[in-house]
Amino acid sequence: MTTRSLNTTALDSHREQNADRDAVDTVRKRITEAGVEYLYYQSVTLGGRAVGKVVPAVHLLRNLERGVQMHRAVVADFQTDRSGTLLGGGERAAEFTALPDLDTFAVLPWDTGVGRFFCRLYEPAHRPECGGEPFAADVRGHLIRRHREFTEHTGLVLRSGCEPETTWTGPGLEASHRPDASPAYRIEMLERNRPVYQKVITYGRALGLDMIEGDYEDPGQLELNWMYDRAELTADRLITFRQICRQVARELGVTASFMPKPAIGVMGNGCHHNLSLWRGTENVLADPGRRELHLSGTGRHALGGILAHAAGAMAVMGSTVNSYKRYWDAGLFAPGRIDWGMDDKTCTVRLSANGRLEFKLPDAMVNPYLSHAVLLAVISDGLENRIDPGPPQATAEDPGFRFPALPMNLGEALTAFGDDAVVRGGLTEEIAALHLACKSDEWARFCAAVTDWEHMMYAEDTP
Ligand SMILES: NC(=O)CC[C@H](N)C(=O)O
């Protein structure tokens, strides 16, 4: 056991973990067995994109200790706002240090010469004052820490199962169906997508996603699910899933899109989060022994927290301009107002099984580290303040309905996000500020854009 000096930093502790001989030997063995020659040291941006560096595997040991360095502005995808400011870069073009988590090592099944790690990010050791501290805009590291604090405080663990929907387009994948009918669940459509779902499932299994089921939902749309797990593991797996889909699309010469609403009249690409809260082996959202669909008292408070802050959380759950088209197009199983229901697929939260809250606001472009960090915060608030979710299917017209309306565009959502201290408190100050800056800029750019719809409406109209 190594003795730690009093001023051991978070970076030092992580380095110490990466020096653990057994853990390193396990990774080395797998590298040798699979013939891995290259390693991706990857982290995730605010926009939910995987970024990183490639390291020849011969330098594994050096980089386990040193990590890799990247420019700070990568966390905001190097977005420059309309005034020309590089967002997230800080006062100078400094870097952060990305240190791999050894237990995330995996070999890419489509090229076993390549392995990957997920990293956590730190201020470089040499920086005055904050050297070695967690980098405050690291979304992945933040969720891991936030969840640990939540468990220390409540004794509970949040498990989540994400259900991303993806639109696949390309030769041979075209949907055909009768007018006014839907191709949903049709085996013929699954057959046309056989190369797609088979590759996704095979790669998913190889990368640690316990794939459980899938279906064809609407023209071009597949939903492929894997087993639920601790929130941060599910978040890593959603990033991995999207990487897999991109790879499968490359291999098959087709396109995989996570765009929340690819077209009017077809279902949007949701990414419902199925949530449960565990004390040891017991899910506290349900009362043991009751068979009919119900929620425990704790479950009602957790749900109350989610609904009370649903409006404030929207800018994270539906984080793009396009996200809101999914809520506007009523009748296609995306929620259009803040409510909950027993087994009702139109609600914001559906009680889909005893002890399971299906939260339907998030779409397939969601950043799962942010969504789950916010969920931990709003659930904590619900539990602490014993927030009552009210009766199922209550609407704003019902007396006693107490939740703010669902923001119906990104601009409204950003205002609600700015006004909700609990939601922002679920993130670090830096992440909340950067998210607001990036998304406000996206909204401003959209508001200034002239769209095809406007041309259709006005270009040749004579007032
Ligand atoms: N599986 C479903 O319930 C459909 C969900 C729908 N595609 C959505 O946008 O959320």
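How many cavities of 30 Å³ or more does a search of the whole structure find? The search finds 2. This report on a predicted model describes these cavities, the largest pocket and the meeting of two domains.

## The largest pocket

The largest pocket holds about 760 Å³ of space. Its lining is made up of 36 residues. Those that lie nearest the centre of this pocket are Glu163, Glu223, Asn225, Asn274 and Glu358. By class, the lining of the largest pocket is evenly shared, with 12 nonpolar, 12 polar and 12 charged residues.

Several strands contribute to this lining. At least two residues each come from strand 7 (157-169), strand 8 (211-218), strand 9 (221-226), strand 12 (271-279), strand 15 (349-353) and strand 16 (356-359).

## The largest cavity

The space in the largest cavity amounts to about 50 Å³. A total of 11 residues line the largest cavity, and Pro389, Gly390, Ala394, Phe401 and Phe403 are the ones nearest its centre. The lining of the largest cavity comprises 7 nonpolar, 2 polar and 2 charged residues.

## The second largest cavity

The second largest cavity has a volume of about 30 Å³. Two elements, strand 12 and helix 8 (297-308), each give two or more residues to its lining. Strand 12 provides the largest share, namely 3 residues.

Which residues line the second largest cavity? They are Leu158, Leu275, Ser276, Leu277, Leu285, Ala302, Ile306, Leu357 and Ile379. In terms of class, this lining contains 8 nonpolar residues, 1 polar residue and no charged residues.

## The two domains

The protein is divided into domain 1, which covers residues 10-137, and domain 2, which is assembled from the segments 146-181, 226-231 and 256-427. Taken over C-alpha atoms, the centres of domain 1 and domain 2 are separated by 30 Å.

## Where the domains meet

How many residues of each domain take part in the contact between domain 1 and domain 2? In domain 1 there are 6 such residues, and in domain 2 there are 4. The size of an interface is often expressed as the accessible area that is lost when the parts come together. For domain 1 and domain 2, the area buried between them is about 330 Å², and 52% of it lies on carbon and sulfur atoms.

On the side of domain 1, Val44, Leu46 and Gly48 together supply 62% of the area that this domain buries against domain 2, which is more than any other three residues supply. As for charged pairs, the rule finds 0 salt bridges across the interface of domain 1 and domain 2.

Definitions and conventions: Residues numbered from 1 in each chain as written. Predicted model: local features only at pLDDT ≥ 70, side-chain atom pairs only at ≥ 80, totals over all residues. Heavy atoms only, no water. 1 Å grid on protein atoms, 1.4 Å probe; cavity = no way out; pocket = protein on both sides within 12 Å on 5 of 7 lines; lining within 4 Å. Points joined across faces, edges and corners; volume = space filled by probe spheres on them. Helix = DSSP H or I, 4+ residues; strand = E, 2+ residues; numbered from the N terminus. Nonpolar A, V, L, I, M, F, W, Y, C, P; charged D, E, K, R; others polar. Domains from an automatic or database assignment. Contact = heavy atoms within 4.5 Å. Buried area = accessible area lost by both parts, 1.4 Å probe. Salt bridge = Lys/Arg side-chain N within 4 Å of Asp/Glu carboxyl O.
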